[in-house]
Every structure is written in structure tokens, then in C-alpha cells.
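The report below walks through selected strands, helices and loop residues of one model. Please keep the sequence and the structure in view while reading.

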Amino acid sequence: MDKELLKPEYIFESSWEVCNKVGGIYTVLSTRAKTLQEMFRDRIIFIGPDFWKETESPYFVEDKSLLAEWQWEAKQNGLKVRVGRWSVPGEPIAILVDFNPYFAKKNEIYGWLWENYQVDSLHAYGDYDEASMFSYAAALVVESFYTFNVERSVFDADTRVIYHANEWMCGLGALYINKVLPQVATIFTTHATSIGRSIAGNQKPLYDYLFAYNGDQMAQELNMQSKHSIEKQTAHYVDCFTTVSDITAHECVELLDKPVDVVLPNGFDNSFVPRTQAFARKRNLARRKLLQVANALMGETLGDDTLIVSTSGRYEFRNKGIDVFIEAMNRLLRERDLKKTVLAFIVVPGWVGEPRKDLQERLSANTPSNTPLEVPMITHWLHNMGHDNVLNMMKFYDMHNRHDDQVKVVFLPCYLDGNDGILNLSYYDVVLGNDLCIYPSYYEPWGYTPLEAVAFKVPCITTDLAGFGLWANKEFGHYGEITDGVKVIHRTDYNYSEVADIIKDTVAYYSGLSQKEVDACRKNAGALSKKALWSEFIKYYCEAYDIALQKAEERKHQLK
């Protein structure tokens with residue numbers, strides 16, 4: 001029989017991305033919120049940074065009546081907080097804290113950190129100070145709330161409280177709680193090690209040499225000492241250290257010298273996936289819009305039988321495999337087995353300037369033109385057109401979307417929030433219109449993009465260097481094939497060319513499938529996504545809560 005797990009009565013979870021849509025961690029927290037809210041109604045409290053001065057966060061609705069007595073007390077004690085709800089499914093309580101007042105005592109805080117945990121903040125630069133001051137402020141919020149409830153006898157020695165910090169940005173706060181409130185159990189999740197991402201991003205081979213890398217030495221070489229130091233010390237001192245995939249767990253052992261206690265795979269909430277009739281309608285709209293934009297840009301008349309493929313994610317040219325995607329599309333240009341015209345989109349936010357006026361005019365006129373616009377590969381002008389990696393690689397390969405090319409590549413370099421000025425569709429509505437999504441990542445701790453694609457029944461290609469790809473292989477019991485809904489390519493430090501060829505061959509193969517075979521691939525993709533719902537993965541969080549609480553219980557007994 002399974003042992004009874006200890007359950008928290010309150011969970012505080014902090015992240016730079018609470019009510020602040022920056023990257024994948026926003027998706028992790030915002031989609032998990034509904035499941036946690038169902039389990040711990042209003043006792044799961046998210047803490048995020050409050051830097052919303054001129055404009056309000058579109059994801060936060062303030063409510064002065066929530067936790068009203070504590071709010072008043074906190075403000076009396078100099079904490080600048082706003083309490084409300086996060087505008088995501090489940091609408092959990094969110095506290096936004098202003099961290100600016102703590103810059104004045106930054107050196108004092110860093111001194112305390114060195115004395116107690118030997119964290120090296122001397123080499124801090126960039127976002128380190130900002131993240132650290134937020135992390136400190138978030139911990140003060142938890143300390144204030146805990147003390148307030150103890151004073152009013154709401155909390156006693158047996159009340160189980162958890163503080164969950166995400167990423168190195170929240171490490172300082174976790175260490176503060178660890179020291180100042182030993183009754184509170186601490187969890188730290190690294191979604192990607194800062195040093196691992198840096199090694200990969202600096203064109204160094206990460207995987208073949210992982211066993212030989214010394215994290216501290218590499219941090220020095222890559223000028224990452226402070227971020228690496230806070231991340232490593234937090235991993236060592238918290239009650240429960242976690243990450244999001246087996247591949248990153250291996251990285252943690254080698255680079256942080258600390259095995260993880262639990263792997264917390266990233267699930268998602270599929271409430272945003274439209275149901276049957278709406279699904280077909282939205283898919284048709286997305287396809288029509290994508291083809292309309294491409295045709296206007298290139299002076300073409302691509303029809304509905306065009307195979308629409310895409311890649312997307314953060315603009316990490318090598319880490320996310322954008323380079324190998326372009327390579328594969330270039331090779332596909334000369335592929336004799338290709339049965340359809342391919343329209344490939346690169347949906348990656350660049351240093352975007354403005355939507356193209358000439359393209360907007362052509363789209364609003366809605367009259368077909370057989371002459372391409374100038375630079376028929378991009379929908380928005382960039383600030384750095386001459387130095388953009390995507391455009392430069394396409395230029396190097398002489399990929400200019402000529403009329404006779406059977407593969408056309410279009411760069412959509414902006415966040416798709418529905419107001420980009422060209423497509424005016426949200427990211428999820430665009431994913432829906434694809435026939436195939438391609439994410440050939442080199443460095444990808446988990447990989448939300450392929451998971452989101454299969455949720456919309458879009459088969460995808462990924463690699464076994466992505467946590468999601470490894471998980472998919474485990475579910476299938478073999479390396480995933482496109483007929484399973486996910487093709488998982490074996491990727492190493494050195495087989496870039498082979499990966500590009502496999503992508504080319506897979507797209508060519510897919511272009512020759514019958515409608516019945518395509519439908520079967522789409523059905524399998526959707527079925528796999530059901531196994532990655534938060535309702536399936538939340539059990540790993542319960543395990544982490546139990547580990548952290550057991551350690552806190554031991555401390556409480558020692559304190560008595």
C-alpha cells in the first residue's frame with residue numbers, strides 16, 4: 001500500500017513570470033494553477049513582481065478585499081503589495097510585490113547571502129540584481145503572511161506551509177525562508193540550468209562532454225559565476241530540489257553537483273483547445289489567413305492543398321534548432337519525393353520594428369498580385385535586418401521564395417497576441433492551422449511547443465535532447481515515428497546534418513500520405529497529449545510536497 005503523503009495547507013509559489021508573460025515558465029504555472037486551485041482552494045498563492053506602473057498587467061485583476069487584514073498589516077510594515085487574482089483558468093490568488101525599495105540595501109542583502117550560504121554575488125550583471133531584489137521581496141511577503149497568521153493563531157506549529165521557488169531568479173528568497181522560517185518547507189525548481197543553457201548557447205558541445213564539465217569552472221569561463229552560484233547553493237540547501245525532465249536532471253548532477261529529488265514534468269490544461277465544430281472552423285480560418293499573408297507577400301496563389309509547417313519558440317538560434325529547420329527546408333527544395341508545395345513559417349519573436357505597410361495595404365486591398373514584395377520572406381520589419389540570424393542564413397542559401405520554389409519560408413518575427421498588425425491571430429489559433437510542426441531543439445529541458453502542437457492534433461517532429469521527446473519515447477516504448485503523432489529524432493552534439501536530412505525526409509513522406517493516413521497521425525497526436533494533462537502529472541508535485549514537508553517536520557521536532 002502507498003504511504004500516506006503529507007499534504008500542505010498553504011503553498012506560496014514565486015516566479016518572475018507570475019502575471020508576467022515572458023516565456024515557458026508562464027505556461028507551466030498558469031496552466032497548472034487550475035489543478036492546484038481545485039486541490040487547495042485559495043490556499044495556493046502565487047507571488048510575482050510588480051513593475052506595472054504606467055500600464056496594468058493584462059493578466060492580473062486587483063481585489064483589495066482579498067486577504068484584506070494582512071494587506072493592511074503588510075503595508076503598515078512597509079511592504080508594497082497588491083493582491084488580486086491571476087486571469088488564468090482557476091483564477092488563483094496572486095500577490096504582486098514592488099521590489100524597488102530593496103535596491104538601497106542590496107549590498108547588505110548580498111553580504112548576508114555570502115555569510116550564510118557562500119553565494120557569490122560579486123560578479124553580478126544584467127538581470128541578476130533585479131531578480132534578486134524581487135526574490136528577497138517575495139520571501140518577505142511569505143514571512144509577513146506567516147507571522148501575521150501565527151500571531152492570530154491561524155497557524156500553529158503543526159500548520160504545513162510550503163514555499164516553492166522557480167528558477168535561479170527566486171533562489172535568494174528560498175534561502176532566506178530556509179534560514180528565517182525553518183518551519184516552512186522549501187522547494188526549488190530549475191527549469192534549465194543557467195550554466196547548461198550558457199554552454200549550449202556558446203556553441204560548445206554540451207552532451208558528449210557533460211561528464212567532464214565542472215560547473216563552477218564553466219561559470220567562471222562564461223562569466224556566469226553569480227547566477228550559477230545562487231542556483232547551485234539553492235539546489236543544495238532547499239528541502240526538495242526538482243527539475244522538469246530526466247535530461248535536465250542529468251545536467252543538474254553534473255553541473256550543480258546535486259541530484260534532483262523529483263522530476264516534475266510539465267503538463268498542460270487543455271481547456272483552451274476548441275471542441276469539434278469550433279475546432280474545424282478555427283483551423284480553416286487559420287489556414288486561410290496564413291495562405292492569404294503568404295500569397296500577398298510573395299505574389300503567389302498557394303491553395304488549400306499546400307502543406308503548412310512551422311517552428312516556433314524563443315529566438316535561440318542554435319538551442320531551439322532554428323538553424324537546422326532552415327537547413328532542412330533548404331534541402332527540401334531539391335527533394336524529388338515532395339508531393340506538395342510546402343509553406344514553412346518561422347514564428348519566433350525577433351527585434352521587431354513594425355508591421356510592413358506594403359503588406360498591410362496588399363492585404364486590405366484583397367486583390368491578388370503576381371509580383372512579390374521586396375524581401376518576400378518576412379512579415380514585419382526588424383530593427384536589425386542586416387544582422388538577423390534567420391534572414392542571414394536564408395540569404396546565404398539564396399532562399400528568396402522564387403515562384404518556382406516548391407518550398408517557401410516566411411519569417412513571422414513577433415509575439416502572436418492577436419494584435420500583430422498582419423495575421424492578427426493568437427499563437428494557439430495559428431498552431432491550429434498547421435499540418436506539421438517542427439521543433440528540432442538542441443537544448444530543451446522540456447518543450448512546450450511540441451506538447452501544445454499535439455494538443456491541437458498537429459503531428460510534430462522533435463528530438464531526444466528535449467525532455468518532451470524523451471517522455472514521448474517512453475510512452476510509445478520506442479522512438480516516436482510521425483505515424484505515432486510525434487517523430488523523435490536522435491540528436492547529438494555533432495549530427496546536425498543527419499537531423500536536417502531526417503526532417504527533410506519526414507516532411508516529404510508526410511506530403512505523400514492519404515487523407516485517411518493523415519487523420520490517423522492527427523488522432524495519435526491528440527491521444528498522446530491527453531497523457532500529459534496536469535491531472536496526470538500533478539502526482540509528482542504531491543511527491544515533492546511530501547519530501548519537503550517531511551524535512552520541515554524533522555526540523556520542527558529539533559526546534560522543540
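Helix H16, which spans residues 467–476, is mostly covered, with 7 of its 10 residues buried, where buried means under 20% relative accessible area, exposed means over 50% and partly exposed lies in between, for a 1.4 Å probe and protein chains only. Helices (H or I, at least four residues) and strands (E, at least two) are DSSP runs, numbered from the N terminus. This is a predicted model, in which local features need pLDDT of at least 70 and side-chain atom pairs count only at pLDDT 80 or more, while totals for chains, interfaces and linings use all residues. Residues are numbered from 1 along each chain as its sequence is written, and side-chain values use heavy atoms, with hydrogens and water left out.

The buried residues of H16 are Gly467, Phe468, Gly469, Trp471, Ala472, Asn473 and Phe476. They pack against several elements, including helix H9 (246–255), helix H15 (448–455), strand E16 (460–463) and strand E17 (486–489), contact being defined as heavy atoms within 4.5 Å. After H16 comes Gly477, with a positive phi near 80°.

Strand E16 contains Thr462, which is buried with a relative accessible area of 1%. Apart from neighbours within four places in sequence, the contacts of Thr462 include Phe468 and Gly469, as well as Val486, Lys487, Val488 and Ile489.

Strand E10 (residues 307–312) has 6 of its 6 residues buried, so it is largely enclosed by the rest of the structure. In a regular strand the side chains alternate between the two faces of the sheet. Leu307, Val309 and Thr311 point one way from E10, whereas Ile308, Ser310 and Ser312 point the other way, and all are buried. Two strands pair if DSSP finds at least two bridges between them, and E10 pairs in the parallel sense with strand E11 (residues 342–347) over 6 bridges. Within this pairing, Thr311 stands opposite Ile346 of E11. The chain passes from E10 through helix H11 (residues 322–332) to E11 in a right-handed β-α-β crossover, a term used if, with the strands pointing away from the viewer, the path from the first strand over the helix to the second runs clockwise. E10 also pairs in the parallel sense with strand E15 (residues 436–438), over 2 bridges, and there Val309 stands opposite Leu436.

An open sheet of 9 strands, with mixed pairing, follows the order E3-E4-E5-E2-E1-E6-E7-E8-E9. Strand E3 (60–62) and strand E9 (262–263) stand at its edges with a single partner strand each, so one side of each is left without a neighbour in the sheet. E3 pairs with strand E4 (residues 81–86) in the antiparallel sense over 3 bridges, and Phe60 has Trp86 of E4 as its bridge partner. Helix H4 (residues 128–151) lies across E4 and other strands, among them strand E2 (44–49), to which H4 runs at about 145°; axes are lines fitted to C-alpha atoms, for helices over the stretch in contact, and angles run from 0 to 180 degrees between N-to-C directions.

The table sets out two loop residues.

| Residue | Phi | Loop | Relative accessibility |
|---|---|---|---|
| Asn401 | positive, about 55° | between helix H13 (389–396) and strand E14 (407–412) | 5%, buried |
| Asn424 | positive, about 55° | between E14 and helix H14 (427–431) | 37%, partly exposed |

Asn401 has its positive phi although it is not a glycine, and Asn424 likewise is not a glycine.
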